[in-house]
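Thank you all for coming; I would like to take a few minutes to walk through one model, starting with its internal spaces and then stepping back to the chains.

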Amino acid sequence: MSQHSKKARRFLADAKRAAWHDETLWMVRCKRDRAAEAVDDWENLRGQASDIKEKALENIPQYIRQFKEAARQNGAIVMEASNHVMLQGYVATILRSNGALRVVKSKSMLTEECGLNEYLIEQGFTIIDTDLGECIMQLRREPPSHIVLPAIHLRKEEIGETFHKHLGTEAGASDPTYLAQAARKYLREQFLSAQAAITGVNFAVAETGTIVVCTNEGNADMGVHAAPIQIHCMSIEKIIPAMADLGVFTRLLARSATGQAVTAYTSHYRTPKPDGKMYIIIVDNGRSERLYHPTGRSTLKCIRCGACMNTCPVYRRSGGHSYGQVIPGPIGSAIAPFRDFRTAAGLPFACSLCESCSNICPVRINLHEQLYYWRQEMNSYRSTPILRKLIMKTAALVLAKPLYYRLAGSLGRFFLRYFPFMLKLPLRAWTRGRKLPRPERQTFRQWYARNASKHTS
Amino acid sequence: MSKTILVNNFIKNVRTAGAEVLFSPGEAAVSTDRWPGLLDFSKADLRLQYQTLENSEQWTDIAHALFCSRLGVAENGAVWLEDADMPHRILPFITRHLILRLATDSLVADMHEAYAKLGQDNFGFGVFISGPSKTADIEQSLVYGAHGAKELTVLLCD
Ligand code: SF4
């Protein structure tokens, strides 16, 4: 059994929570549908977004160069980190050289991927995640389980307990408004005492050197504008050519993510504040490699909306933590093999190939095809269990010969009717969550032979 | 798109985003009776006083702050603010109640038109704001005022 299945089973052990998780994400997915349907040229927009990203990736060195020049002209300090160690080092150096010890941070999957928090804490800095969901996860010392909704796997009672322990809210209190207000108060103190603010980046515009960050809470802005030092950490694929392209992406992002027409705040940072310093760190961390891989390149189009997670029947029923990756869900499974082929082994199989992810993705990444591709790659490394291989071989044989097929059919129906437990034994993992059907008395062939004459006119 | 449709769409979407819309017959509607302690940053002399963040109390106690905008987006109720509209970048975020004044002539249909209108303008910082600050991070229950403004009013004038 794969790591994913094992962890999924643990998640499913709490049946009520699992059902809530499934229903809630489906609700988010339905909101997305309504938002998408309200836009006339939605499919056209997806096509444009995909084209812009392809073009940006095709010419990425040129756009990065243009971006760096523009950003420097704007007064920003631009650095390039080829891997996570360099990013950690740069950030620590910037903080030290500016005498900044207290740091607030808004959401950034990149810094999560690069282990920035852990490193900075080890180095003696205080670093506070300010997105409410991420703040909850940081207090609990757990990783986020979703890229847009970091605490979606938790019930409000659990969050209430966490806040009671760390923020001194009343014991047993779990009202979301009460808890959110407590967090607002705690985080305001952090914002106003921070000496530096770190943000992730949604889009970086080559033409103007502008950094764009989208949030609903306003936490990126509270941090950036209150602290004298602002540090924006972006991976290379956040580059888009021009300001006009933002028209396409801002229309797609929030609608795909939460079903809102746009995030509450779409912030454009171009120049540092008066007397402030603005740093931009452009991080590669394995992306150049993906750029020249047959499936890897298109994973770099991702705008991190989370829609593929909300729609995925496996994600909804197994929870983000079951993937064991910084980014879970379909896109996470498509990226994981690049990060560590071995630990990613089960992930492309945690997929029903229903294609829902590819159909919903605002930048049209062919996610299901990628997962299918990785299954084959992984099989060639013999990571498929022998039993599954054997079943597939037998199936190929049976399906190829009508005689075998008919024989297998009647055998199957016979056992299913009279000795169902015999089928259950070898299929234990499969039947745990499913019922075996009652077989029909006649086969389709028999039915057809009897009825064909009646229905032809 | 006719102007009436544009204005109606805008109003609908501002409300969906959790903000209220008031029609302002000029300056008269904006009063300190309605909003005690209102800071009207459309006034140049007030802008001068709030340029630096010195004593944080002065900032955290701001209840009502008003800014003038030159661009609103009908499809999502977003209103644009940039450096020129505010003496300090944190103000629209730190105030408890944010009031944005906008002329109906400043409305565009969608984000494509919005960015076209911004064109090559060299703003140092600019933001589209759609509704008050919000979070649904606790069990997907919507709560206003996660960090930024808890309430938002858009004042539409002709
Ligand atoms: S792969 Fe597509 S759907 Fe999934 S998070 Fe990225 S952009 Fe969104």
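Let me begin with the largest cavity, which holds about 110 Å³ of space; please keep in mind throughout that what we are looking at is a predicted model. The lining of this largest cavity is made up of 17 residues, and those that lie nearest its centre are A:Cys312, A:Pro330, A:Cys351, A:Ser352 and A:Cys357. If we sort that lining by class, we find 12 nonpolar residues, four polar ones and one that is charged. Three helices of chain A, namely H16 (313-318), H17 (329-339) and H19 (367-379), each contribute at least two residues to the lining of the largest cavity, and the largest share, three residues, is supplied by H17(A).

How many cavities of 30 Å³ or more does a search of the whole structure find? The search gives four, and the one I would like to turn to next is the second largest, with about 80 Å³ of space. Its lining consists of 13 residues, with A:Cys302, A:Cys305, A:Cys308, A:Cys361 and A:Pro362 lying nearest the centre of this second largest cavity, and by class the lining divides into 11 nonpolar, one polar and one charged.

Where does the ligand sit? It is placed in that second largest cavity, and the residues around the ligand include A:Cys302, A:Cys305, A:Cys308 and A:Cys361, together with A:Ile303, A:Arg304, A:Gly306 and A:Ile331. Also among the residues around the ligand are A:Pro362, A:Val363, A:Ile365 and A:Leu367. Taken by class, the shell around the ligand comprises 10 nonpolar residues, one polar and one charged.

Stepping back to chain A as a whole, the assignment divides the chain into domain 1 (3-7 + 305-381), domain 2 (39-285) and domain 3 (393-456), and I would point out that domain 1 is written as two segments. Between domain 2 and domain 3 of chain A, the C-alpha centres are 54 Å apart.

Finally, a word on chain B, which has five helices and 11 strands. With a radius of gyration of 15 Å, close to the 15 Å that the globule rule gives for 158 residues, chain B is therefore as compact as a globular protein of that length. Along the principal axes, the C-alpha atoms of chain B fill a box of roughly 45 × 40 × 35 Å.

Notes:
Residues numbered from 1 in each chain as written. Chains lettered and ligands numbered in written order. Predicted model: local features only at pLDDT ≥ 70, side-chain atom pairs only at ≥ 80, totals over all residues. Heavy atoms only, no water. Near = heavy atom within 4 Å. 1 Å grid on protein atoms, 1.4 Å probe; cavity = no way out; pocket = protein on both sides within 12 Å on 5 of 7 lines; lining within 4 Å. Sits in = over half its atoms within 2 Å of the grid points. Nonpolar A, V, L, I, M, F, W, Y, C, P; charged D, E, K, R; others polar. Domains from an automatic or database assignment. Points joined across faces, edges and corners; volume = space filled by probe spheres on them. Helix = DSSP H or I, 4+ residues; strand = E, 2+ residues; numbered from the N terminus. Rg over C-alpha atoms; globule rule 2.2 N^0.38 Å.
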